[in-house]
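The exercises below ask for a careful reading of one structure, each followed by a worked solution. Please keep the sequence and the coordinates open while working through them.

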Amino acid sequence: MNRNKRYIFFKGLIDTLDLYTDEFVKIYTQQGDMCLVLDAACMDQEMVRLQAFLLEPVTAAISFNNIGMHLAFSGGENIWDRYKIPFYNILMDHPFHYKEALDQAPVQTVLLCMDENHIKYVKRFFPHIKQTIFFPHAGIELDCPETETVHTFTGFNINERQIDVLYAGGLSRYAAEGLIPDLGEIVEFDAFSLVKNALERLIQEPEQTTESVIERCLIDMNFKFDNQRLGELIAKLRFIDAFAVSFYREQMIRVLVENGIMVTVFGTGWNWCEWEHPNLVYGGEIPPYKILELMKQSKIVLNTMTWFKRGAHDRIFNGMLAGAAVVSDSSAYLKEHFTNGQELQMFSLKDMSGLANTVKELLANEKKAQTMAECGYQAARENHKWINRLRGAQLL
């Protein structure tokens, strides 16, 4: 039965975001809603289709990372404000990556953040955005039997899987090099010294957020700025975040392979490492859908956060839904929703040797890994799919 709800989505720029969009469109169409999916790579041509769709009332536009947020017809007025259409903008990354876009966010913007700390950041540095919602990562299950009334674990035995440990994530320090601004242009303080101190603090105190460390370093240098200037500086220095993330990703993988654990990695940067090891298998860059397939062939799916301290990552839930045993660094969100060692295994970034022991134990103890995988699957299927997030945000 059609509920007469009509939604607008965008695709065509980033494969991972397209995967999420496809999942959302599938959910809404199964509910009987009408979905217009626009190709964001050629919006000039798509404007005709958009205009035709707008002839009837639209329930909402749903997008990721600001795609389509600033669309306007001739005359320059933002489309979403003109037609009073809520624009649900799901940020997959920290808001400081999108300062310019968010500074110009339309009135109809509803910002969905993957980390509760990001909501605090938006309220402080983008106060003109009046609506923010916590919208944590979720997972996608391939070949999901949606009609099942009883949810059962459908994966084969852990010991039958061909990949011991799978990690799907690049080394962001190489991409971060392109984000480094001309630090000499920052005239208020010694930016080179601040960057050095902030990165050292993040690595020593990985439980801290990047923005709080940058602000603390400024205070230690006897500088205090208003929110406008502080927000500009944090956005300019956001590359520090990527270097910290990359440091721990590389350290984690290196500790595992040097402890005799075979790890298969995918993503950019691993082929540029200054070190090699026979236990490190680099699979290159592959489409996100293929990663989901490979997770179903993996005994352990490994995750590290993108410095989300009060959130999660889709690698966790995708791994659970693939029937793998998931191992991840901890966060306040994970500690709140899971029991360590039951649905997944958490570790501290400060204890990499402990991580190596944990992974060794899971690979050696098939029964423990199998039980954890089954518990994780049940938890993710019942509470951590995208349909759960859409319901939680009252978008269904």
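**Exercise 1. Determine in which sense strand E7 and strand E10 pair, and place the pair within its sheet.**

Solution. Strand E7 covers residues 163–168 and strand E10 covers residues 298–303, and the two pair in the parallel sense over 4 bridges; strands count as paired if DSSP finds at least two bridges between them. Helices (H or I, at least four residues) and strands (E, at least two) are DSSP runs numbered from the N terminus. One of the residues to look up is Leu166, whose bridge partner in E10 is Val301. The next step is to widen the view to the open sheet, in which 6 strands follow the order E9-E8-E7-E10-E11-E12 with parallel pairing. Strand E9 (280–282) and strand E12 (345–347) each have a single partner strand and stand at the edges, so one side of each lacks a neighbour in the sheet. From one strand to the next, the twist averages 25 degrees, where axes are lines fitted to C-alpha atoms, for helices over the stretch in contact, and angles between N-to-C directions run from 0 to 180 degrees.

The model is a predicted one, in which local features need pLDDT of at least 70 and side-chain atom pairs count only at pLDDT 80 or more, while totals for chains, interfaces and linings use all residues. Residues are numbered from 1 along each chain as its sequence is written, and side-chain values use heavy atoms, with hydrogens and water left out.

**Exercise 2. State which strands helix H10 and helix H12 lie across, and at what angles they run.**

Solution. Helix H10 (residues 239–258) lies across E7, strand E8 (263–266), E9, E10 and E12, and runs at about 155 degrees to E8. Helix H12 (residues 314–321) lies across E7, E10 and strand E11 (325–329), with an angle of about 165 degrees to E10. Contact here means heavy atoms within 4.5 Å.

**Exercise 3. Identify the residues that touch the most other members of the largest nonpolar core.**

Solution. A nonpolar core is a set of buried Ala, Val, Leu, Ile, Met, Phe, Trp, Tyr and Cys residues joined through side-chain atoms within 4.5 Å; buried means under 20% relative accessible area, exposed over 50%, and partly exposed in between (1.4 Å probe, protein chains only). The largest such core has 144 residues, of which Ile8, Phe10, Leu50, Ile253 and Leu302 touch the most other members. H10 gives the most to this core, with 12 residues. Taking Leu50 and leaving aside its neighbours within four places in sequence, one finds contacts with Ile8, Leu36, Leu38, Leu71, Phe73 and Ile79.

**Exercise 4. Describe the salt bridges of Glu205 and Glu232, including the exposure of the residues involved.**

Solution. A salt bridge requires a side-chain nitrogen of Lys or Arg within 4 Å of a carboxyl oxygen of Asp or Glu, and by this rule the count comes to 20. In the pair of Glu205 and Arg216, the closest N and O atoms are 3.3 Å apart. Glu205 lies in the loop between helix H7 (191–204) and helix H8 (210–220), whereas Arg216 lies in helix H8, 11 residues apart. Glu205 counts as partly exposed at 22% relative accessibility, as does Arg216 at 29%. Glu232 and Arg229 meet at 3.0 Å, N to O; they are 3 residues apart in helix H9 (residues 227–236), which means that about one helical turn separates them. Glu232 is partly exposed at 28%, and Arg229 is partly exposed at 22%.
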